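Open the model in a viewer and keep the selection panel at hand. The stops below are given in the order in which to select them.

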Amino acid sequence: MTTAHSGTDMQSFPCYLVANWKMSLSTRQSLELATALMHEASMMPIPDDLHTWIAPSFLAIPDIARKVAGTRFRVGGQNLWPEQHGAYTGEVSPTQLKEMGATFVIVGHSERRSLVHEGEELIRRKVKSAITNGLACILCIGETRDERKAGKTLAVLRSQITSAVLGLSPHEVRSLLIAYEPVWAIGTGEVATTEQIAEAHTTISTIVAELTTARCPVLYGGSLKPENAPEILALPSVHGGLIGGASLQSGSYFELVRAGLAGM
Ligand code: PGA
């Protein structure tokens, strides 16, 4: 099993900077970006406790995995199907992801929750399957603007975490990372305030502690970029970021790496 982390409390986690390339790049562009990242990394050695993970489209995973082999970069999927094989047209299993070179997977991204109506039960099965099949799993959670306005943020987070974490053993939780992504901040340029982020992250860690004896890192996602990363990544309750737009250029991704290093 891929154990993503061994932290036991809020302060002891490494920093994870996870690039979510979504469906933004062709395979050729993905390889070019990976090459540029390798070049930047060769000029700036990355310490062991800063993890640089890339989630390209499924199609680019094998090429990128070959490209980053032997470096500190890890490659993962943006989604998976919870079953190992069978009549699931258009889906990709955990084993297929691993065969391609993936070591982690993103589950429950808000774009999947809203665009293809992924619900809590399917997300729960995906998290369990990813982890029992040896992938580290980044579970995305977060409230919509309406839910925040209605004062439901904490209830939404509690329900999303409880559904996914209840079926996991403490050992399995060690392969889980949670990404707090307020839906209203994703791809909008509107970023949550540090107070909102700190409150949500502390709440998430508290809820996890109520459900299990293990702890997991909590990443922030939603318009994370070089201008706001130093402040956000310096928060003690933030253990890294899930980055969309700003991960599509090696320069801005590495600015986040530098902000992550400074915040450690
Ligand atoms: P963004 O995306 O950084 O472009 O807001 C983050 C995400 O969707 O994970």
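A disulfide is counted when a pair of cysteine sulfur atoms lies within 2.5 Å. This is a predicted model, in which local features need pLDDT of at least 70 and side-chain atom pairs count only at pLDDT 80 or more, while totals for chains, interfaces and linings use all residues. Residues are numbered from 1 along each chain as its sequence is written, and side-chain values use heavy atoms, with hydrogens and water left out.

Select the cysteines. The disulfide count is zero. Cys137 has its closest cysteine sulfur in Cys140, 8.6 Å away, and is therefore too far for a bond. For Cys15 the closest cysteine sulfur belongs to Cys216, at 15 Å, again too far for a bond. Buried here means under 20% relative accessible area, exposed over 50%, and partly exposed in between (1.4 Å probe, protein chains only). Cys137 is buried at 0%, and Cys15 is buried at 7%.

Next, select the ligand and the residues near it, meaning those with a heavy atom within 4 Å. There are 13 residues around the ligand, and Lys22, His109, Glu181, Gly187 and Ser223 come nearest. By class, this shell holds four nonpolar, seven polar and two charged residues.

Now show distances from the ligand oxygen atoms. A polar side-chain atom of Glu181 is 2.6 Å from one ligand oxygen. A polar backbone atom of Gly187 is also 2.6 Å from a ligand oxygen, and a backbone N or O atom of Ser223 is 2.8 Å from one. The protein buries 95% of the 280 Å² that the ligand exposes when taken alone (Shrake-Rupley method, 1.4 Å probe).

Last, colour by pLDDT, the predictor's confidence in each residue, from 0 to 100. The chain mean is 95, and 96% of residues reach 70 or more. Select residues 7-11, where pLDDT is below 50. Where pLDDT is low, the predicted coordinates should not be read in detail.

How values were computed:
A polar contact is a pair of N or O atoms within 3.5 Å; within protein, one must be able to donate a hydrogen and the other to accept it, and residues adjacent in sequence count only if both atoms are side-chain atoms. Ala, Val, Leu, Ile, Met, Phe, Trp, Tyr, Cys and Pro count as nonpolar, Asp, Glu, Lys and Arg as charged, and the others, Gly among them, as polar. Contact means heavy atoms within 4.5 Å.
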